[in-house]
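Here are my comments for your file, set out as numbered points. They begin with the cysteines and then move through the strands and helices.

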Amino acid sequence: MTASPPLNVAMIGYAFMGAAHSQAWRNAPRFFDLPLTPIQQVICGRNPEALAAAAAKLDWRDTETDWRTAITRDDVDLVDVCTPGDTHAEIAIAALDAGKHVLCEKPLANTVAEAEQMAAAAEAARANGVLAMVGFTYRRVPAVQLARQLIAEGRLGTIRQVRAQYLQDWIADSSAPLSWRLDKTKAGSGALGDIGAHITDLIQFVTGQAITGVVGLTETFVKERPVATEFAGLAGTGGAELGPVTVDDAAIWLARLAGGAIGTFEATRFAWGRKNGLRFEINGSAGSLAFDLEDLNVLEYFDAGEDARTAGYRRILVTEPEHPFISAWWPAGHGLGYEHAFTHQVVDLVTAVSAGEQPEPSFADGLAVQRVLAAVEESAQGGSTWLDIPTAG
């Protein structure tokens with residue numbers, strides 16, 4: 001079989017998301033027939049020793065300690081941005097200006113203004129054949145894809161209510177140390193932007209409807225934490241010195257969707273016992289469906305038209321070759337995991353780049369999510385008042 005042309009990738013950042021993205025770049029061409037072959041050309045970070053170790057572990061060919069050098073290399077076609085949110089706009093816009101395709105982790109930016117600049121840069125670059133995508137990876141879970149298909153087919157009828165939660169407990173312990181995710185200057189917001197962005201995007205993606213207004217409430221339960229002396233992934237060790245937490249620990253908001261449905265949303269990193277509890281349920285005039293990321297191979301579906309004597313939620317095991325992405329993996333019934341959605345993201349991105357088509361979600365989609373997050377935060381700070389959300393411009 002003739003090898004497909006290469007797509008040389010530079011990845012900026014190498015921690016949690018860098019590791020997840022690396023396995024995706026590595027595995028995608030081994031399980032899927034891609035029109036371009038991703039090459040892990042160069043990985044970039046500030047610490048030379050840690051960078052060298054990451055390059056060896058994650059299978060990158062070369063290293064750079066300056067992202068500006070990495071994105072302008074002649075042997076780079078696409079830049080994968082896996083850094084904290086405060087650097088997304090600068091790196092992504094510079095990469096697009098350098099003629100490189102861009103994959104940028106979520107949330108797209110820390111502010112609406114930055115997201116608007118990024119969306120404008122992506123639109124301008126697209127005119128020159130340079131493409132950009134934001135990494136809302138959970139869109140690529142096969143059960144989520146099936147949920148979207150069922151709604152698009154009208155199986156739920158008119159959407160009436162949605163409820164979405166993202167529950168974690170990784171900082172529920174008040175002695176857990178400070179990290180960049182608890183610093184507003186780097187993260188933009190706390191649970192709201194970090195995990196609330198996911199459920200905001202998923203509901204808009206699955207229903208096909210924009211969120212048009214919100215009323216929000218946020219809270220920071222632990223105001224100070226030990227300053228970290230070391231970190232490994234999301235876990236770390238704190239010292240005696242305390243530093244301020246400048247982001248929200250939890251966020252709750254009510255919403256209305258463009259089709260008239262109402263919604264409830266919750267994002268928290270203080271739910272003891274919930275490790276990665278992303279859940280949504282959607283109720284329509286003809287049925288309901290529900291999804292839980294901690295049981296990610298399953299979609300629950302209720303058909304309101306069934307005989308009431310035997311009606312009930314149907315547990316669909318989304319592992320058949322007829323389901324999205326599954327045919328490239330294991331025999332039917334053999335489940336996928338968290339990491340597979342990142343591989344599917346690479347598959348869709350590479351396919352779109354090869355075809356010269358806009359990959360989804362676009363930077364414009366990322367901007368739409370940012371507007372919702374900003375409205376929730378503004379509402380919470382203003383006494384939980386209702387705010388309409390602009391959808392264009």
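1. How many disulfides does the count come to? The model is a predicted one, and in it the count comes to zero disulfides. The cut-off applied here is a pair of cysteine sulfur atoms within 2.5 Å, and the sulfur of C44 is too far for a bond because the closest cysteine sulfur, in C82, is 11 Å away. C104 is in no disulfide either, since the nearest cysteine sulfur, again that of C82, lies at 8.5 Å.

2. Are C44 and C104 buried or exposed? C44 has a relative accessible area of 4% and is therefore buried, and C104 likewise counts as buried because its relative accessibility is 0%.

3. The next point concerns the open sheet. It is made of six strands in the order 3-2-1-4-5-6, and the pairing within it is parallel. Strand 3 (62–64) and strand 6 (132–135) are the edge strands, each of them pairing on one side only. From one strand to the next, the twist averages 25°.

4. Within this order, strand 1 (residues 6–12) and strand 4 (residues 78–81) pair in the parallel sense, with four bridges between them. For anyone who wishes to find this pairing in the viewer, A10 has V79 of strand 4 as its bridge partner.

5. Which helices pack on the sheet? Helix 2 (residues 48–58) does so by touching strand 2 (37–44) and strand 3, and its direction makes about 165° with that of strand 2. Helix 10 (residues 340–355) also packs on the sheet, where it touches strand 1, strand 2, strand 4, strand 5 (101–105) and strand 6, and its direction makes about 155° with that of strand 5.

6. Further along the chain, strand 14 (residues 287–292) and strand 15 (residues 298–303) pair in the antiparallel sense over five bridges. These two strands form a hairpin, with five residues between them, and S288 finds its bridge partner in F302 of strand 15.

7. Strand 15 also pairs with strand 16 (residues 314–317), again in the antiparallel sense, over four bridges. In this pairing Y301 stands opposite R314 of strand 16. When reading these strands, it may help to recall that side chains in a regular strand alternate between the two faces of the sheet.

Methods. Residues numbered from 1 in each chain as written. Predicted model: local features only at pLDDT ≥ 70, side-chain atom pairs only at ≥ 80, totals over all residues. Heavy atoms only, no water. Buried < 20%, exposed > 50% of the residue type's maximum accessible area, 1.4 Å probe, protein only. Pairing = 2+ DSSP bridges. Axes fitted to C-alpha atoms, helices over the stretch in contact; angles between N-to-C directions. Contact = heavy atoms within 4.5 Å.
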